[in-house]
Structures are given as C-alpha cells and as structure tokens.
Amino acid sequence: LTELLPQQYRSMGATIENRTARVQPVAGRDAVVIEYQARLPGSPLPLRQKQVFLPGGGKTFIVTCTARAAAFDRYRPTFDQVLASFRVPAPRGGGG
C-alpha cells in the first residue's frame, strides 16, 4: 500500500512527500494509518492527508482527512473525533 500510493499519485500528475505509515488502534480496531503531503496538478497549495484503512465485514473502509498543509493541525482534533466515532462491522474469519 505504501509503495502503490505514490505510484498512483504520479500517474495523476501529483506528488507525495513526507509519507509515514503505521498500524495503530482507531475506534477500537487496529488500522493502517498513512499520512502525507500531496501536491496536486492545478493546485498552488500543498495538501496534507491522513488516510485510515479500517477492516471489517469482509471489506476495508477508507477514511480520508484532507486540509491545506499549513492548516492540517488546526483540524486534527475534528478528524480524530470523526475517526473515534467511526464504526465498522466485525472482521470476517479467515478462510482458504
């Protein structure tokens, strides 16, 4: 996932910088959290994004929080509240 994300952005003419990825608890579940700064074509201001991948019910739910890079920390508490309230179905058991 962390390797494919920059490739996908490059294919759209965008770039990703300062990428971090980790597994951390979100809303009581282990989730993959990726944060990065993005420069999109046609946009003069860099954006900062936090994407959270939450597994549940045989699917993966992706919650994306986006703001101008300079303002992201101002909105972080709101993003954290949204993520804390997010609920997904229980993961399905593994099968072969």
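Begin by selecting Ala27, which takes a positive phi near 55 degrees in the hairpin of strand 1 and strand 2, where two residues lie between the strands; strands here are DSSP runs of E of at least two residues, and helices are runs of H or I of at least four, both numbered from the N terminus. The model is a predicted one, in which local features need pLDDT of at least 70 and side-chain atom pairs count only at pLDDT 80 or more, while totals for chains, interfaces and linings use all residues. Residues are numbered from 1 along each chain as its sequence is written, and side-chain values use heavy atoms, with hydrogens and water left out.

Next, select strand 1 and strand 2, which run antiparallel and are joined by ten bridges; two strands count as paired if DSSP finds at least two bridges between them. Here Arg22 stands opposite Val33 in strand 2, and Thr20 stands opposite Glu35 in strand 2.

Widen the selection to the open sheet of four strands, whose order is 1-2-3-4 with antiparallel pairing. Strand 1 and strand 4 stand at the edges with a single partner strand each, so one side of each is left without a neighbour in the sheet.

Now select helix 2, residues 72–85, and look along its 14 residues to Thr78, where helix 2 bends by about 30 degrees, the bend being the angle between axes fitted to the seven residues ending there and the seven starting there. Finally, show Phe72, Phe79 and Leu83, the buried residues of helix 2, where buried means under 20% relative accessible area with a 1.4 Å probe, protein chains only.

Technical notes. The expected span of a helix is 1.5 Å times one less than its number of residues. Buried means under 20% relative accessible area, exposed over 50%, partly exposed in between (1.4 Å probe, protein chains only).
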